[in-house]
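Let's take a walk through a protein together. Have a look at the picture first, and then we'll go through it piece by piece.

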Amino acid sequence: MKILSLELNNFRNYKRVNVDFDDGLNVLYGKNASGKTNMLESIYLCSIFHSPRTVKDKEMVLIGENKATVSLTLKTKYKKQTINLQIDDKGKKKVLVDNIPLNRAGELFGVLGVVFFSPDEMKLVKESPQERRRFMDVGLSQQQRSYFYSLQRYNKTLKQKNNLLKEWSKSRNIDDMLDVWDACLAKEGAVIMSKRIAYIDTLNDAASRFHNAISSEKESLKLSYESSLVFDNENIKKTNTEEIEKKLYESIVSARAKDKEIGYSTVGPHRDDIKIEINGKDSRKFASQGQQRTVALALKLGEVIIYKNEIGEAPVLLLDDVLSELDIDRQKLLLDMTNGFQTVITCTEFNLDCEYNGIYVMDGTAKNNKRNEYFMSALTD
Ligand SMILES: Nc1ncnc2c1ncn2[C@@H]1O[C@H](COP(=O)(O)OP(=O)(O)OP(=O)(O)O)[C@@H](O)[C@H]1O
Ligand SMILES: [Mg+2]
């Protein structure tokens, strides 16, 4: 799928802006704090319904205004579509696809597929397991709405169970109630786990190929799903959903006494992780800055390939500020790898000799243009 155009009104530092995109490489360039990341954020929002930067949606409304809108047109192999999104100053969001309001956020998944990479994404490698779970959850939800709905049901039940463990651990009939929650957690949890296990298995192939190329074949990357259940790791890939459900239920029940003691649920996919090894070493502990960047990039590029294989169309690749960290050879290598995908990249300067659609961003304005032409028209306006 490809983005054709984007219109923003009162979004972040944009009063009103309208830009067009090409099928290949699109370069948003301009000075610091001009609005480049804001524009990528608005595209991400049309795909995932959440900002990659903030949980406070009202922050996306231009200060002093009461409503922001984002309108994006896209084409797939078969049709053109429009996404219209509104955020009010209380942070309430509404979204329409082809002018039809969506009732559930999950219905937006799959309309516009994106993979987003920013320097912040390096925390994927070294920070808490939560970041890596989010990576799997966003990737899988985009491919399968049913995954997102399972995750929603699991999280809702987990929250209710944790409240119960915290508030009522001494109550006499807590076990009857826990039996009901635990069966539900095991059922949804097993779906989540089996899909994640398959996802990481496929991602391992795709990401390690990219990693190998980016690291000039000096390093080898290995990914595996790390579960809070005790599986021996070779077996984990061969275990089917029913077996996982059984095992998960048993483990949740055997942790019950401890969970009541500490007041929250300690077993399940909400505690799982991705193990990332470079040349056999756990990169969550040992990766250098450069290695973290390479791994994070390889995971994201791998995500693009899996999405494309699964859905039959490539997602749009959003790359925020990745070039500044790379030398010219690596910049070229990266852009070679994005060949064939629609890519939107931000940078302050773009000096590579290749074909691209330039979008010049300046203080909350943006214009499809070559830099010099824009300067000229800015001077003569
Ligand atoms: N709700 C808002 N209303 C008005 N301005 C905002 C709002 N949110 C953010 N901004 C402004 O947007 C600007 C930052 O934009 P953005 O992060 O897109 O910059 P950038 O071009 O990506 O810069 P850099 O090159 O430094 O990454 C800042 O000046 C910030 O104050
Ligand atoms: Mg930025």
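A handy term to start with: a residue is buried if 20 or more other C-beta atoms lie within 10 Å of its own, exposed if 12 or fewer, and partly exposed in between, with the C-beta atoms placed from the backbone. Helices (H or I, at least four residues) and strands (E, at least two) are DSSP runs, numbered from the N terminus. What you see is a predicted model, where local features need pLDDT of at least 70, side-chain atom pairs count only at pLDDT 80 or more, and totals for chains, interfaces and linings use all residues. Residues are numbered from 1 along each chain as its sequence is written, while chains are lettered from A and ligands numbered from 1 in the order in which they are written.

Now try out "buried" on strand β8 (residues 114-117). Val114 and Phe116 sit on one side, Val115 and Phe117 on the other, and all of them are buried, so both faces are covered. In a regular strand the side chains alternate between the two faces of the sheet. β8 runs parallel to strand β12 (residues 316-320), and four bridges join them; two strands pair if DSSP finds at least two bridges between them. Val115 has Leu317 of β12 as its bridge partner.

Next comes an open sheet of six strands, in the order β2-β1-β4-β5-β6-β7, with antiparallel pairing. Its edge strands, β2 (14-20) and β7 (100-101), each pair on one side only. Inside the sheet, five bridges join β5 (residues 80-88) to β6 (residues 93-97), and Gln86 stands opposite Lys94 in β6.

What about the loop between β6 and β7? Asp98 lies there, and so does Asn99. Asp98 has a positive phi of about 50° although it is not a glycine, and Asn99, also not a glycine, has a phi near 70°. Asp98 counts as exposed because it has 11 C-beta neighbours inside 10 Å; Asn99 is exposed too, with 7 other C-beta atoms within 10 Å.

Finally, meet helix α4 (residues 145-167). Its 23 residues should span 33 Å at 1.5 Å a residue, and its end C-alpha atoms are indeed 33 Å apart; the expected span is 1.5 Å times one less than the number of residues. Its buried residues include Tyr147, Phe148 and Leu151. Among the elements covering them are α3 (129-143), α5 (174-214) and α8 (256-262).

How values were computed:
Contact = placed C-beta atoms within 7 Å.
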